[in-house]
Amino acid sequence: MTALSEAVKALTAEKFKLIPADNKEYKSMKSPSAVPIMRFNTSQFRAEGLGNLFIMETSAMLGLMKLTTIVFTPLAKTALPFLLVDGMSMAKKNLCYVEYYDLTESGCNVLKSESQKDEFSYIPDYSETEAWYIARRTPYSLIKGGKGVKKDLLDDMALKCIRRYLSSAKPCADAAGHYENLKSFQREMIEKGNPSSSTLEKLLGKGGAAKMFETAIMPVNIE
């Protein structure tokens with residue numbers, strides 16, 4: 001696994017017991033199967049008291065493009081946003097997306113006091129392609145990088161954000177409402193499309209991609 005993935009696992013394990021999930025069918029995948037141009041390696045953990053941690057590392061273009069995807073899906077009883085982190089390196093361009101989606105009923109407020117936009121203003125913003133889910137992000141989400149931006153700088157930003165996120169976990173006042181919102185957003189991400197939809201559908205088919213999203217990438221649970 002990449003240094004970023006290992007660091008995220010270590011950070012999470014400092015605060016929550018990590019239990020590996022049985023996701024053998026997604027552990028190692030490639031496309032196309034005969035002469036692969038894309039390879040995927042994944043790991044999934046249940047973080048007790050927090051939720052689900054999913055990590056996927058993608059290599060494409062003969063290793064010239066590398067992508068690390070980290071997804072935290074909070075338990076409905078935990079007042080945290082759904083968190084998606086993507087770190088990509090390709091040629092001389094490095095990107096990092098730190099996307100928070102607050103799906104609690106009244107707003108979990110755990111990170112609003114942290115001015116992340118100002119804190120990381122020295123890293124260039126990156127102009128992304130329009131997508132339906134962008135409007136659903138919290139204002140402290142970060143879309144950073146570009147040509148000449150160092151990967152180490154972006155990895156450090158991601159780890160600082162994840163450390164803060166893990167330290168902000170607290171009980172949710174309305175677990176039932178949070179659960180319904182998580183399920184609704186999960187369905188939207190499958191039906192309307194998410195950043196990995198097209199790739200996973202080519203690899204697993206539409207039904208297979210939906211199953212992977214529901215069971216490995218964003219499983220929703222109260223407990």
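**Figure 1. Lining of the largest cavity in the predicted model.** The residues around this cavity are Ile190, Asn194, Ser197, Leu200, Glu201, Lys206, Ala209, Ala210 and Phe213. Helix 6 makes the biggest contribution to the lining, with seven residues. By residue class, the lining of the largest cavity splits into five nonpolar, two polar and two charged. The volume of the largest cavity is about 90 Å³. Searching the whole structure turns up one cavity of 30 Å³ or more. Rolling a probe the size of a water molecule over the atoms shows where empty space is left.

**Figure 2. The largest pocket and the elements around it.** This pocket has a volume of about 710 Å³. It is lined by 34 residues, of which Leu67, Asp86, Tyr97, Pro195 and Ser196 are the closest to its centre. At least two lining residues come from each of strand 3, strand 4, strand 5 (65–74), strand 6 (82–90), strand 7 (93–101) and helix 6 (197–217). The lining of the largest pocket contains 21 nonpolar, seven polar and six charged residues.

**Figure 3. Pairing of strand 3 with strand 4.** Strand 4 (residues 51–60) is antiparallel to strand 3, and 10 bridges connect the two. One of the facing pairs is Met38 and Ala60, the latter in strand 4. The hairpin formed by strand 3 and strand 4 has three residues between the strands. Within this hairpin, Gly49 adopts a positive phi near 85°.

**Figure 4. Pairing of strand 1 with strand 3.** Strand 1 covers residues 18–20 and strand 3 covers residues 38–47. The two strands are antiparallel and share three bridges. Leu18 lies opposite Ala47 of strand 3.

**Figure 5. Strand 2 and its two faces.** Strand 2 (residues 28–31) runs antiparallel to strand 3 and is joined to it by four bridges. Ser28 has Asn41 of strand 3 as its bridge partner, and Met29 has Phe40 of strand 3. In a regular strand the side chains alternate between the two faces of the sheet. Which residues of strand 2 point to one face and are buried? They are Met29 and Ser31, whereas Ser28 and Lys30 point to the other face and are not buried.

**Figure 6. Ala91 in the loop between strand 6 and strand 7.** The phi of Ala91 is near 55°, which is a positive value in a residue other than glycine. Is Ala91 buried or exposed? Its relative accessibility is 77%, so Ala91 counts as exposed, the cut-off for that class being over 50%.

**Figure 7. The whole chain, for orientation of the close-up views.** The protein contains six helices and eight strands. Along the sequence these follow the pattern α-β-α-β-β-β-β-β-β-α-β-α-α-α. The C-alpha trace spans about 50 × 40 × 35 Å along its principal axes. The radius of gyration of the protein is 17 Å, which agrees with the value near 17 Å for a compact globule with 223 residues. Of the 223 residues, 51% count as buried. Taking contacts between residues at least 6 apart in sequence, 62% join residues at least 24 apart.

Notes. Residues are numbered from 1 along each chain as its sequence is written. This is a predicted model: local features need pLDDT of at least 70, side-chain atom pairs count only at pLDDT 80 or more; totals for chains, interfaces and linings use all residues. Side-chain values use heavy atoms; hydrogens and water are left out. Two strands pair if DSSP finds at least two bridges between them. On a 1 Å grid over the protein atoms alone, a cavity is a set of points where a 1.4 Å probe fits but cannot get out, and a pocket is an open set with protein on both sides within 12 Å along at least five of seven lines; lining residues have an atom within 4 Å of a point. Grid points are joined across faces, edges and corners, and a volume is the space filled by probe spheres set on the points. Ala, Val, Leu, Ile, Met, Phe, Trp, Tyr, Cys and Pro count as nonpolar, Asp, Glu, Lys and Arg as charged, and the others, Gly among them, as polar. The radius of gyration is taken over C-alpha atoms; the globule rule is 2.2 Å times the number of residues to the power 0.38. Buried means under 20% relative accessible area, exposed over 50%, partly exposed in between (1.4 Å probe, protein chains only). Contact means heavy atoms within 4.5 Å.
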